[in-house]
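Let's take a walk through this model together, moving from ring pairs to the overall fold and then into the interior. Keep the viewer open as you read.

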Amino acid sequence: MILAAQQGDDEPFSKLVRENESFLLSLAASYVGKQDAADVAQEIWLAVHRKLWQLEQPTAFRSWLRQVVFYQCLNHRKARARRWKG
């Protein structure tokens, strides 16, 4: 499924999203709070779609996804802090 998604097949990617949505939302909520988790999740899935080609070991998808979530949430928090300062 991941290999097909890496090659641009939308159906396997959609299945990855469905199967991992609750995991991703829960993880994102732990980093940015429940109120921002859904918005950040959309940004994360876009990043996953753009960067999926970088995943070398399809069996490591969950670990890789966890890293993408962490960095996207970190970027979100930094952006929010800049808005509050400015």
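Two rings of Phe, Tyr or Trp, with the six-membered ring taken for Trp, count as a pair if their centres lie within 6.5 Å; planes under 30 degrees apart are called stacked, over 60 edge-to-face, and the rest tilted. By this rule the count comes to four aromatic pairs. One of them joins Tyr31 and Phe70, with 5.6 Å from centre to centre and 75° between the planes, which makes the pair edge-to-face. Tyr31 belongs to helix H2 and Phe70 to helix H4, so this pair ties together parts of the chain that are 39 residues apart in sequence. Both partners are partly exposed: Tyr31 has a relative accessible area of 26%, and Phe70 has 34%. Phe70 also pairs with Tyr71, again edge-to-face, at 5.1 Å centre to centre and 80° between the planes. Tyr31, Phe70 and Tyr71 thus form one aromatic cluster. Another ring to look at is that of Phe23, where Arg62 lies over the face at 4.0 Å from the ring centre.

Now step back to the whole chain, keeping in mind that this is a predicted model. The chain has four helices and zero strands, and reading along the sequence gives the pattern α-α-α-α. Taken along the principal axes, the C-alpha atoms fill a box of roughly 45 × 20 × 20 Å. Of the 86 residues, 36% count as buried. Among contacts between residues at least 6 apart in sequence, 62% join residues at least 24 apart.

Helix H3 is a good place to look at geometry. H3 covers residues 34-51, which is 18 residues, and reaches 25 Å from its first C-alpha to its last, close to the 26 Å expected at 1.5 Å a residue. H3 also bends by about 30° at Val40. For helix H4, the 25 residues should span 36 Å at 1.5 Å a residue, and the end C-alpha atoms are indeed 36 Å apart.

What do these two helices bury, and what covers them? In H3, the buried residues are Asp36, Ala37, Val40, Ala41, Ile44, Trp45, Ala47 and Val48. Their cover includes helix H2 (10-32) and helix H4 (61-85). In H4, the buried residues are Phe61, Trp64, Leu65, Val68, Val69, Gln72, Cys73 and His76, and what covers them includes H1, H2 and H3.

In soluble globular proteins, nonpolar side chains tend to be buried together. Here the largest nonpolar core has 25 residues, and those with the most contacts inside it are Ile44, Val48, Leu52, Phe61, Leu65 and Val69. Helix H1 (2-6), H2, H3 and H4 each supply at least two residues of this core. The largest share, eight residues, comes from H2. Try selecting Val48 to see some of this packing: leaving out residues up to four places away in sequence, Val48 touches Phe13, Trp64, Leu65 and Val68.

The buried list of H4 also holds Gln72 and His76. Which residues does each of them touch, not counting those up to four places away in sequence? Gln72 lies in helix H4 and has a relative accessibility of 13%, so it counts as buried, the cut-off being under 20%. Gln72 touches Glu43, Ile44, Ala47 and Lys51. His76 is found in helix H4 too, and at 13% relative accessibility His76 also counts as buried. The residues that His76 touches are Val32, Asp36, Val40 and Glu43. Glu43 appears in both sets of contacts, and Val40 is the residue at which H3 bends.

For a last stop, go to the loop between H3 and H4, where Glu56 is found. Is Glu56 buried or exposed? Glu56 has a relative accessible area of 72% and is therefore exposed, since the cut-off is over 50%. Glu56 and Leu3 are 53 residues apart in sequence, while their C-alpha atoms are 9.7 Å apart in space.

Methods: Residues are numbered from 1 along each chain as its sequence is written. This is a predicted model: local features need pLDDT of at least 70, side-chain atom pairs count only at pLDDT 80 or more; totals for chains, interfaces and linings use all residues. Side-chain values use heavy atoms; hydrogens and water are left out. The expected span of a helix is 1.5 Å times one less than its number of residues. The bend at a residue is the angle between axes fitted to the seven residues ending there and the seven starting there. Buried means under 20% relative accessible area, exposed over 50%, partly exposed in between (1.4 Å probe, protein chains only). Contact means heavy atoms within 4.5 Å. A nonpolar core is a set of buried Ala, Val, Leu, Ile, Met, Phe, Trp, Tyr and Cys residues joined through side-chain atoms within 4.5 Å. A charge sits over a ring if NZ of Lys or CZ of Arg is within 6 Å of the ring centre and within 35 degrees of the ring normal.
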